[in-house]
Amino acid sequence: MNIKNLMLNTPVHNLSGLLAILLLLPLSGMTQDYGPALVKVADAKMQSLSSVILVPGTVVSRDDARLSAEVDGRLLEVAEVGTVVKAGEPVAVVEDKILRLRNVELQAEIRRAQASQVFLENEVSRYATLAKTNLASANQLEQARSEQAVAQGDLDVARARLAQNNDQLARTRLLAPFDGVVVERLMKPGERVADGGLVVRLVNPQRLEVVARAPLEYYAFSQVGGQLNLQTGVQEQLATIRTVVAVGDEHTHQFELRLDLDGQPFPVGQTVRVEVPSSDSREVLTVPRDALVLRPEGATVFVIDSQQQAQQVTVRTGLGSGDRIEVSGDVSAGDRVVIRGNERLQTGQAVEIMG
């Protein structure tokens, strides 16, 4: 039917009726060419997985300390919250005036003891010479030697006291034991602190770990060196099991896991969900979670065939770990599955693969 000629030869007053008829005609011979779809793919592969349970965990720093004063005195300086310090740098300073004055006193005592010791050494030498010519008795020589020994002891005591005082002087500067950030000021400049009084809290945000507790019945499935997936509302991260505490709590019947984190994926104090294995692992076929196309009738994936066309395959899902999930269906290890651009794909449609 030549629609153009039909419309030209139809009277104007009949055109509306003709249009209505045309709308009812089948669109035979009218095809739409979608063209190749731009997609991103990944491989289906065999992977060792186990069933998991989710348990709560908390991100903590392995270097987290409340630093206390080691001498009595008035605080002259306390680092502000947020101050970044290196190991060995001061975070607080205690007034040292009394200790410095005590240092002067002890140094004077040392000089006095040294003078006495030199004098008595000479006395011993003199009495020894006189004793050879019987001008001094043996008792006088022994007395001089005894006084010299006492003077040497006094000198040693004075030196020890000076060393102790110098140690106390050094402790008036409260030094960071590790690199970190001051996160809390427990005392302020001007306040008087006693030996052992808490001054600041220092945290190293670089050395993070996760502390989690899981039911004892799953203890056998967590091994040191294994990797567990961590989840928050918007983020996932793998962490390595550093230690498994084998002693369970008699009330909660749980064991403790400590997992190392690389970098700073979470802040200290963040609550995470930890995927703890609850069974032995088994080899299963997995695809990225992004490969799944979820429909009311079930889950499918698009597999790229040898003709660079997308074929939609129905699958059943199973175990999951991180960004991958077990699937079963007409999919094999090594198949390329679409993980980006699969939302509007049609089965049999040609594709162009990104990257």
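Buried means under 20% relative accessible area, exposed means over 50%, and partly exposed is in between (1.4 Å probe, protein chains only). Keep that handy for the exercises below.

This is a predicted model, where local features need pLDDT of at least 70, side-chain atom pairs count only at pLDDT 80 or more, and totals for chains, interfaces and linings use all residues. Residues are numbered from 1 along each chain as its sequence is written, and side-chain values use heavy atoms, with hydrogens and water left out.

**Exercise 1.** Work out which residues Arg282 and Glu326 sit in by strand, and whether each one is buried or partly exposed.

*Solution.* Start with the contact: Arg282 and Glu326 make a salt bridge, with 3.5 Å between the closest N and O atoms. (A salt bridge is a side-chain nitrogen of Lys or Arg within 4 Å of a carboxyl oxygen of Asp or Glu.) Next, place the partners: Arg282 is in strand β17 (residues 282–288) and Glu326 in strand β21 (residues 324–329), so the bridge ties together parts 44 residues apart in sequence. (Strands are DSSP runs of E, at least two residues, and helices are runs of H or I, at least four, all numbered from the N terminus.) Finally, check accessibility: Glu326 counts as buried at 14%, while Arg282 counts as partly exposed at 43%.

**Exercise 2.** Find how many salt bridges there are, then trace what Asp63 and Glu70 each pair with.

*Solution.* The count comes to 15 salt bridges. Take Asp63 to begin with: its partner is Arg207, and the closest N and O atoms are 3.2 Å apart. Asp63 lies in the loop between β3 (52–61) and β4 (64–68) and Arg207 in the loop between β11 (198–203) and β12, so this pair ties together parts 144 residues apart in sequence. Asp63 is buried at 13% relative accessibility; Arg207, at 36%, is partly exposed.

Now Glu70: its side chain meets that of Arg171 at 2.0 Å, N to O. Glu70 is in the loop between β4 and β5, and Arg171 is in the loop between α4 (138–170) and β8 (173–175), 101 residues apart. Glu70 is partly exposed at 32%, and Arg171 counts as partly exposed at 32%.

**Exercise 3.** Describe the geometry of the one aromatic pair.

*Solution.* The partners are Tyr219 and Phe255, 5.4 Å centre to centre with 85° between the planes, which is edge-to-face. (Rings of Phe, Tyr and Trp, the last by its six-membered ring, pair if their centres lie within 6.5 Å; planes under 30 degrees apart are stacked, over 60 edge-to-face, the rest tilted.) Tyr219 is in the loop between β12 (208–215) and β13 (227–231), and Phe255 is in strand β15 (residues 254–260), 36 residues apart. Tyr219 is partly exposed at 33%, whereas Phe255 is buried at 0%.

**Exercise 4.** Which element gives the most to the lining of the largest pocket?

*Solution.* A pocket here is an open set of points on a 1 Å grid over the protein atoms alone, with protein on both sides within 12 Å along at least five of seven lines; lining residues have an atom within 4 Å of a point. The largest pocket has 21 lining residues, with Ser50, Gln227, Leu228, Pro277 and Ser321 nearest its centre. β13 gives the most, with three residues.

Terms used
On a 1 Å grid over the protein atoms alone, a cavity is a set of points where a 1.4 Å probe fits but cannot get out, and a pocket is an open set with protein on both sides within 12 Å along at least five of seven lines; lining residues have an atom within 4 Å of a point.
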